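Subject: Structure handover: salt bridges

Hello,

Here is the structure for you to look over. My notes on its charged side-chain pairs follow below.

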Amino acid sequence: LLISADLDTEAGYPHFQAHERDLAGRPVRGMSQLTERVMQSIDHEAVGTIRERNRDHLHAHLKHLNLMPIDPAVAPGPMTYPFLTDNESLRYALREARIYAAQYWPQLLGSVEQGTPEDRFMRLVVHLPVDQRYGIDHMDRIVEVILRSIP
């Protein structure tokens with residue numbers, strides 16, 4: 001996280017991946033003092049407000065294309081904007097535009113029956129970034145890539 005904060009997310013990503021591999025199978029433990037201090041320094045209310053603004057902006061522009069009905073008022077301070085599409089290449093188009101959309105639960109991809117709602121959800125929901133590092137200009141760029149990718 002410190003590398004990502006100092007340089008950029010791409011620079012920190014290989015370190016994140018290595019750290020995730022190192023933690024695999026280990027028991028959950030407490031927070032480090034550094035992490036605790038960093039967490040205490042965050043204005044969590046401001047972070048939530050920015051995330052909601054970003055989510056609402058994406059929703060205003062994409063709700064007509066989002067196959068998942070979403071009520072933004074239900075989720076304060078969201079982590080992502082979940083966007084369900086039938087376009088299996090959208091995640092690739094975003095990656096090509098250097099927009100990272102997390103894919104959660106990848107370890108489950110082969111463990112559910114193909115064609116089921118669970119399979120469709122895991123493969124086709126694109127979790128669009130709305131976190132506090134981004135502004136409306138970033139959200140507009142995400143919208144632009146999606147509108148170009150979905151006919």
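Please keep in mind that this is a predicted model. I looked at the salt bridges. The search of the whole structure turned up 6 of them. Here are the details on several.

Start with aspartate 56. Its salt-bridge partner is arginine 55, with 2.6 Å between the closest N and O atoms. How accessible are the two? Aspartate 56 is partly exposed, at 37% relative accessible area. Arginine 55 is buried, at 6%. That value counts as buried because the cut-off is under 20%.

Next, aspartate 131. This residue pairs with arginine 133, and the closest N and O atoms lie 2.7 Å apart. Here the aspartate is the buried partner: aspartate 131 has a relative accessible area of 11%. Arginine 133 is partly exposed, at 49%. It is not classed as exposed because that takes a value over 50%.

Then there is a pair within a helix. Arginine 148 and glutamate 144 form a salt bridge, 2.9 Å from N to O. Both sit in helix α7, which covers residues 136–149. They are 4 residues apart, about one turn of the helix. Arginine 148 is exposed, with a relative accessible area of 58%. Glutamate 144 is partly exposed, at 45%.

One more item: a network. Glu88, Asp119 and Arg123 are joined into one by salt bridges that share partners.

When you open the model, try finding arginine 148 and glutamate 144 in helix α7. Then turn to the network of Glu88, Asp119 and Arg123.

Best wishes

Key:
Residues numbered from 1 in each chain as written. Predicted model: local features only at pLDDT ≥ 70, side-chain atom pairs only at ≥ 80, totals over all residues. Heavy atoms only, no water. Salt bridge = Lys/Arg side-chain N within 4 Å of Asp/Glu carboxyl O. Buried < 20%, exposed > 50% of the residue type's maximum accessible area, 1.4 Å probe, protein only. Helix = DSSP H or I, 4+ residues; strand = E, 2+ residues; numbered from the N terminus.
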